[in-house]
Amino acid sequence: MPAKKPFYITTPIYYVNDIPHIGHAYTTLACDVLARFKRLDGFDVMFLTGTDEHGQKVEKSAAAKGKAPIEFCNEVSERFRELAKFMKFSNDDFIRTTEERHKVSCQALWKKIEANGNIYLDKYSGWYSVRDEAFYAESELQTASNGDKLAPTGAPVEWVEEESYFFKLSAWEEKLLNWYETLPETVLPKSRKNEVKSFVEGGLRDLSVSRTSFSWGVPVPGNEKHIMYVWIDALTNYLTGAGYPNTDSEKFQKFWPADVHMVGKDILRFHAVYWPAFLMAADIEPPRRVFAHGWWTNEGQKISKSLGNVIDPFEIVDEFGLDQVRYFLMREVPFGNDGDFSRTAMINRINSDLANDLGNLAQRSLSMIFKNCDGKIPDQGQLKEEDEKILQAADDLLPAIREFMDMQQINKVLETIWKVVSDCNVYFAGQEPWALKNTDTVRMGTVLYVTAEVVRQIGILIRFIMPDSAEMLLDQINIDGDKRGYDQLGVLGRLKTGTKLDKPEGVFPRYVEAENK
Ligand code: ME8
């Protein structure tokens, strides 16, 4: 058997200054969905997530809670691991930047960049925002109504003057501009690539990459009073996860460069400008792609702690169901665009796409088979044109959704699948198998066979998005575990006549508001 093709996907590592919210769950979910899809499609996947635990912001948050930084990090990081379990994220590893393996990796990368002549010691004087952990030029700042200077994100800034190491970012403009044009697309969506390109075309200044005014971080090798800038530390997690600095290891050889770094649009510049420049400066290949997704608001409002409208992923999953939330988040918004979380939209998706469309299709067809065909999948019989047409539509799904997945157009994948669900409902209603019960049981068998076959294929195809519900559905049709992949044995195969059904149970319940129950 040929070796499986590797696929390495990463989430941002989340700051532990705050507990996880819907935004963090969203990014990791998108990666989980991509990772599961690729595994089902025969790839050897490594999916990495984790927590970003160093820097001034975390140090201050720990102090505000009266805790030692590491004690504080342990607690909040644990909450992110709980979320991953709770939402059935299939990450292969969870990295914490406070781990020894990561310190070793950061220091090795630093030394390599320095040995290549890309780091020099100077003095930084300028603006810094602890909340954003970012340096800003005077020209980028806004002035608040009280006269205070603010970062473009609205975060407070402070004046910093200290000795600092600098990374020669200015030397990498041309190489970066070339990298953006490497195909297949290195930065997506395209609008984001254009943003990043014009930022680079506007000229890059060297970047301060160490601080001396606090100690919570990775020391600079050879000059330990300097702590590495938290972003060089954080970005290096992607290398650490692949086994760096063991570049000869099987793992590193297999998984580097990463296939997709998934990020929110807020941190695109770090990933699509600084990170590839750091890597190229260390003679390491940059990632194959950075994808920046959009921003969620809550019922039209910016999500923020001060507005008290933070959406807790644990709560919404408890209320609506895990697969329902997974489906909603991936379906509601064109992936890459901003999206608005609203209860009405969530309930509509659950009741219309899941309960009415897919749920009813499965329940009606499988119940009819259970009652009228001795609980077994009937003979396919003689296929008519309309039968062939709907089967062909299902067979065409995999190649179509592969293409969308390669561009991370997750919502398009779901739209494409649901178009076949809806066409199959039209087919089923049009064929009226219930009316054939007393007139033509052979034809009834064909219609039920065809519908069950489409349900089987959809059941396999949706495993990456709604793992539990898909398994329940496939269990009811008694599909073997090894016949649930995206291959000839699985989705590309055919349902076997005579397969015994379990009593069909609705897999996608309707959501009923509590007061109407
Ligand atoms: O930036 N909508 O960590 P962070 C969508 N540690 N996504 C959202 C969101 C929202 N309203 N809010 C947060 C950091 N996110 C750094 C990253 S990586 C080397 C270091 C998601 O805890 C989105 O993915 O602030 C965003 O990029 C990320 O959380 C920011 O997480």
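Trainee: Which of the 22 residues around the ligand come nearest?

Mentor: I13, T27, D52, D266 and W296 do. Keep in mind that this is a predicted model.

Trainee: What makes the pairing of T27 with the ligand a polar contact?

Mentor: Look at the distance. A polar side-chain atom of T27 sits 2.6 Å from an oxygen atom of the ligand. The cut-off for a pair of N or O atoms is 3.5 Å, so this pair counts. Backbone atoms join in as well: a polar one of G264 is 3.0 Å from an oxygen atom of the ligand, and a polar one of W296 is 2.9 Å from a nitrogen atom of the ligand.

Trainee: How much of the ligand does the protein bury?

Mentor: On its own the ligand exposes 670 Å², and the protein buries 94% of that.

Trainee: Which element gives the most to the shell around the ligand?

Mentor: That's β1, with four residues. At least two residues each come from β1 (6-15), α1 (22-40), α7 (230-235) and α8 (237-241). Sorted by class, the shell has eleven nonpolar, nine polar and two charged residues.

Trainee: Moving on to helices, why are α11 and α12 called roughly perpendicular?

Mentor: Helix α11 (residues 313-320) and helix α12 (residues 322-331) pack at an angle of about 115°, and their axes are 7 Å apart. Roughly perpendicular covers 65 to 115 degrees, so that is the label α11 and α12 get.

Trainee: Which residues meet there?

Mentor: I316, V317 and F320 from α11 meet L322, Q324 and V325 from α12. By class, this contact has five nonpolar residues, one polar and no charged ones.

Trainee: And why do α14 and α18 count as roughly parallel?

Mentor: Same recipe. The axes of helix α14 (residues 385-395) and helix α18 (residues 441-461) cross at roughly 10° and come within 10 Å. Angles under 35 degrees count as roughly parallel, so α14 and α18 qualify.

Trainee: What classes of residue make up the contact of α14 with α18?

Mentor: Five nonpolar, two polar and five charged. Among those in α14 are E386, D387 and I390, and among those in α18 are R443, T446 and V450.

Trainee: One last residue: what is T416 in contact with, leaving aside its neighbours within four places in sequence?

Mentor: T416, which lies in helix α16 (residues 410-431), is in contact with L397, A400, I401 and F404. To be in contact, heavy atoms must be within 4.5 Å. As for D353, 63 residues away along the chain, its C-alpha atom is 13 Å from that of T416.

Methods: Residues are numbered from 1 along each chain as its sequence is written. This is a predicted model: local features need pLDDT of at least 70, side-chain atom pairs count only at pLDDT 80 or more; totals for chains, interfaces and linings use all residues. Side-chain values use heavy atoms; hydrogens and water are left out. A residue is near a molecule or strand if one of its heavy atoms lies within 4 Å of it. A polar contact is a pair of N or O atoms within 3.5 Å; within protein, one must be able to donate a hydrogen and the other to accept it, and residues adjacent in sequence count only if both atoms are side-chain atoms. Accessible areas come from the Shrake-Rupley method with a 1.4 Å probe; for residues, only the protein chains shown count as cover. Ala, Val, Leu, Ile, Met, Phe, Trp, Tyr, Cys and Pro count as nonpolar, Asp, Glu, Lys and Arg as charged, and the others, Gly among them, as polar. Axes are lines fitted to C-alpha atoms, for helices over the stretch in contact, and angles run from 0 to 180 degrees between N-to-C directions. Angles under 35 degrees count as roughly parallel, over 145 as roughly antiparallel, 65 to 115 as roughly perpendicular and the rest as oblique.
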